[in-house]
Amino acid sequence: MSSSLRITEIFYSLQGETSRLGLPTVFVRLTGCPLRCGYCDSAYAFHGGKRMSLAAILEEVAQHGTPYVCVTGGEPLAQAGCHALLTQLCDAGFSVSLETSGHLPIETVDPRVSRIVDIKTPGSGEVEKNLWTNLQHLTARDELKLVLVHRHDYEWARDLLQDNQLSTLCPVIFSPVWESLPPKDLAEWVLADKLPVRVQVQLHKILWGDKPGV
């Protein structure tokens, strides 16, 4: 079944996160995820979706007329055919990013793809699922993202960052959970500790609220 994938939605919007913040982007959201983070904002992608051929996916992506594509989920790497999709998107000339939970191996992802890899914090409820060997495969074109629920998450993330010199591997993002951790608090903690990270709120939620397909 690697020639097709189960897709929850394909939509055109502004990238709300990462260094591509604000760029008009086509999002390809794959169905299914083995994790159950307490703050998940895409639980609607856990089940359902429709099966689409890779050719049909590429055709729909191309209709939007932007070079930027983000493959996300759920957990996109949970479907074996995701690797072929990423490669075909790159072959077609798109600038491709992949949003992955950090639970599955990233080393076989096409090297042209910018991998946005989560590190799950204690507040996610899934900290035990982090695949730490992924850190060995990061390059300067990748990014690490830590979503923070509260002060304890911040302190855990700060210590992890400093003890492992994560910012020397690739850019690191600290992002507050929407309507849980006030962004101003996170900003002040990062400034006080002089951390080499990007503090980032989710632009799409500021513009359109917490709803699917934007």
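**Close-up views of a predicted model**

**View 1. Arg158, a buried residue of helix H3.** Arg158 is buried, with a relative accessible area of 16%. The cut-off for buried is under 20%, so Arg158 falls in that class. The model shown here is predicted. Arg158 belongs to helix H3. Leaving aside residues up to four places away in sequence, Arg158 touches Arg151, Phe174, Asp193 and Leu195.

**View 2. Helix H3 and its buried face.** Helix H3 covers residues 151-164. Its 14 residues, at 1.5 Å a residue, should span 20 Å. The end C-alpha atoms are 20 Å apart, so the expected and modelled spans agree. Six names make up the buried set of H3: Asp153, Tyr154, Ala157, Arg158, Leu160 and Leu161. Down the helix axis, these buried residues fall within an arc of 165 degrees, so they line one face of H3. An α-helix has 3.6 residues a turn, so residues three or four places apart point the same way. The buried residues of H3 pack against S7, S8 and helix H4 (183-193). Just after H3, Gln165 takes a positive phi of about 50 degrees.

**View 3. Helix H4, buried side and exposed side.** Leu186, Trp189 and Val190 are the buried residues of H4. Viewed down the axis of H4, they fall within an arc of 95 degrees, so they line one face of the helix. The face turned away from this buried side carries the exposed residues Lys184, Leu191 and Ala192. The cover over the buried residues of H4 includes S7, H3, S8 and strand S9 (198-199). Just after H4, Lys194 has a positive phi of about 55 degrees.

**View 4. The largest pocket and its lining.** The largest pocket holds about 730 Å³ of space. Its lining consists of 42 residues. Nearest the pocket centre lie Glu17, Asp41, Ser42, Lys145 and Gln202. By class, the lining divides into 17 nonpolar, 13 polar and 12 charged residues.

**View 5. Elements that contribute to the pocket lining.** Several strands each supply at least two residues of the lining of the largest pocket, among them S1 (4-14), S2 (24-30) and S5 (95-100). Strands S7 (143-148) and S8 (172-176) also each supply at least two. Helix H5 (203-208) does so as well. S7 and S8 appear in the helix views too: the buried residues of H3 pack against both strands, and both are included in what covers the buried residues of H4.

Note on methods:
Residues are numbered from 1 along each chain as its sequence is written. This is a predicted model: local features need pLDDT of at least 70, side-chain atom pairs count only at pLDDT 80 or more; totals for chains, interfaces and linings use all residues. Side-chain values use heavy atoms; hydrogens and water are left out. On a 1 Å grid over the protein atoms alone, a cavity is a set of points where a 1.4 Å probe fits but cannot get out, and a pocket is an open set with protein on both sides within 12 Å along at least five of seven lines; lining residues have an atom within 4 Å of a point. Grid points are joined across faces, edges and corners, and a volume is the space filled by probe spheres set on the points. Helices (H or I, at least four residues) and strands (E, at least two) are DSSP runs, numbered from the N terminus. Ala, Val, Leu, Ile, Met, Phe, Trp, Tyr, Cys and Pro count as nonpolar, Asp, Glu, Lys and Arg as charged, and the others, Gly among them, as polar. The expected span of a helix is 1.5 Å times one less than its number of residues. Buried means under 20% relative accessible area, exposed over 50%, partly exposed in between (1.4 Å probe, protein chains only). The arc is that of the directions from the helix axis to the C-beta atoms. Contact means heavy atoms within 4.5 Å.
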